[in-house]
Amino acid sequence: MGLEGDEVKSGPGDPEEAPAAGTAESAAADDPKVAAAIAAAEAAGPANGESVRVDSWIWAVRLIKTRSLGATACKGGHVRVNGQNVKPSHTLRVGDEVRLRHEGRERIVIVKRLIRKRVGAPVAVQCYVDNSPPPPPREAVAPIGIRDRGAGRPTKRDRRELERLRGLMGGSGRPGGH
């Protein structure tokens, strides 16, 4: 009974209590700063009965750069929750599968923790399970028509070759379509 009284007296900011409060014990054991940040994120999270919007959550866990980009992605049909297209105001629950198409790649994550405020990257990865396919290697994605730095202004011939490579010209082979 004395131990229970000690636990009640200790505050939520105590570093010793962070692992016992249901946070990721592995992260807490590795770095006390991460454990403290996770505890702060949980404190800033929604209370019981409150919800988190999908656009806010994908921004908070750093899947996208801004919340407005998250709303735009939802409106454009690039965000799916449990297989269904959702509006930005859709509420998330723990265990939901979120699929996000962003920057030519699909991210598939399972919600582990609901947070509202943007947190650091080490804390953000504790809020979801990433089931995304690995990104393609950089060598596989060859940039088309990138000139060497310091090569100067392209000549007319260089410009035409670049346009031909990029497919910007019509079927005629000449600019202007003559």
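Here are some short exercises with worked solutions on the predicted model above.

**Exercise 1: Map the sheet**

Work out the strand order of the open sheet and find which strands sit at its edges.

*Solution.* Start with the order: the 5 strands run S3-S2-S5-S6-S7, and their pairing is antiparallel. Next, look for strands that pair on one side only. Those are S3 (84–85) and S7 (128–130), so they are the edge strands by the pairing rule of at least two bridges.

Now step inside the sheet. Strand S2 (residues 79–81) meets strand S5 (residues 97–102) over 3 bridges, in the antiparallel sense. Pick valine 79 and look across: its bridge partner in S5 is leucine 100. On to the next pair, where S5 and S6 are joined over 6 bridges, again antiparallel. Here arginine 99 has isoleucine 108 of S6 as its bridge partner.

**Exercise 2: Two unusual phi angles**

Find where asparagine 82 and glutamate 103 lie, and decide whether each is buried, partly exposed or exposed.

*Solution.* Take asparagine 82 to begin with. Its phi is positive, about 50 degrees, even though the residue is not a glycine. You'll find asparagine 82 in the loop between S2 and S3. Its relative accessible area is 44%, so asparagine 82 counts as partly exposed.

Then turn to glutamate 103. This residue is not a glycine either, and its phi is near 55 degrees. Glutamate 103 sits in the loop between S5 and strand S6 (105–111). Those two strands make a hairpin with 2 residues between them, and glutamate 103 is in the turn. Because its relative accessibility is 67%, glutamate 103 counts as exposed.

**Exercise 3: The aromatic pair**

How many aromatic pairs does the structure hold, and what kind of geometry do tryptophan 57 and tyrosine 128 show?

*Solution.* The count is easy: there is 1 aromatic pair. Tryptophan 57 and tyrosine 128 form it, with their ring centres 6.4 Å apart and 75 degrees between the planes. Planes over 60 degrees apart count as edge-to-face, so that is the label for this pair.

Now place the two partners along the chain. Tryptophan 57 belongs to helix H4 (residues 54–60) and tyrosine 128 to strand S7, so the pair links distant parts of the chain, 71 residues apart. Both tryptophan 57 and tyrosine 128 are buried.

**Exercise 4: Into the core**

Which residues have the most contacts inside the largest nonpolar core, and which element gives the largest share?

*Solution.* The core has 27 residues, and Trp57, Ile58, Val79 and Val98 have the most contacts inside it. Several elements each supply at least two residues, including helix H3 (32–44), helix H5 (67–75) and helix H6 (121–124). The largest share comes from H4, with 4 residues.

Zoom in on isoleucine 58. Setting aside its neighbours within four places in sequence, isoleucine 58 is in contact with Leu63, Ile64, Gly70, Val79, Val98 and Leu100.

**Exercise 5: Cysteines**

How many disulfides does the structure hold, and are cysteine 74 and cysteine 127 buried or exposed?

*Solution.* Recall what to look for: a disulfide is a covalent bond between the sulfur atoms of two cysteines. A search of the whole structure turns up 0 disulfides. For burial, compare each value with the cut-off of under 20%. Cysteine 74 has a relative accessible area of 4%, so cysteine 74 is buried. Cysteine 127 is at 0% relative accessibility, so cysteine 127 counts as buried too.

Definitions and conventions:
Residues numbered from 1 in each chain as written. Predicted model: local features only at pLDDT ≥ 70, side-chain atom pairs only at ≥ 80, totals over all residues. Heavy atoms only, no water. Phe/Tyr/Trp six-rings, centres within 6.5 Å; stacked < 30°, edge-to-face > 60°. Buried < 20%, exposed > 50% of the residue type's maximum accessible area, 1.4 Å probe, protein only. Disulfide = S-S within 2.5 Å. Core = buried A, V, L, I, M, F, W, Y, C linked by side-chain atoms within 4.5 Å. Contact = heavy atoms within 4.5 Å.
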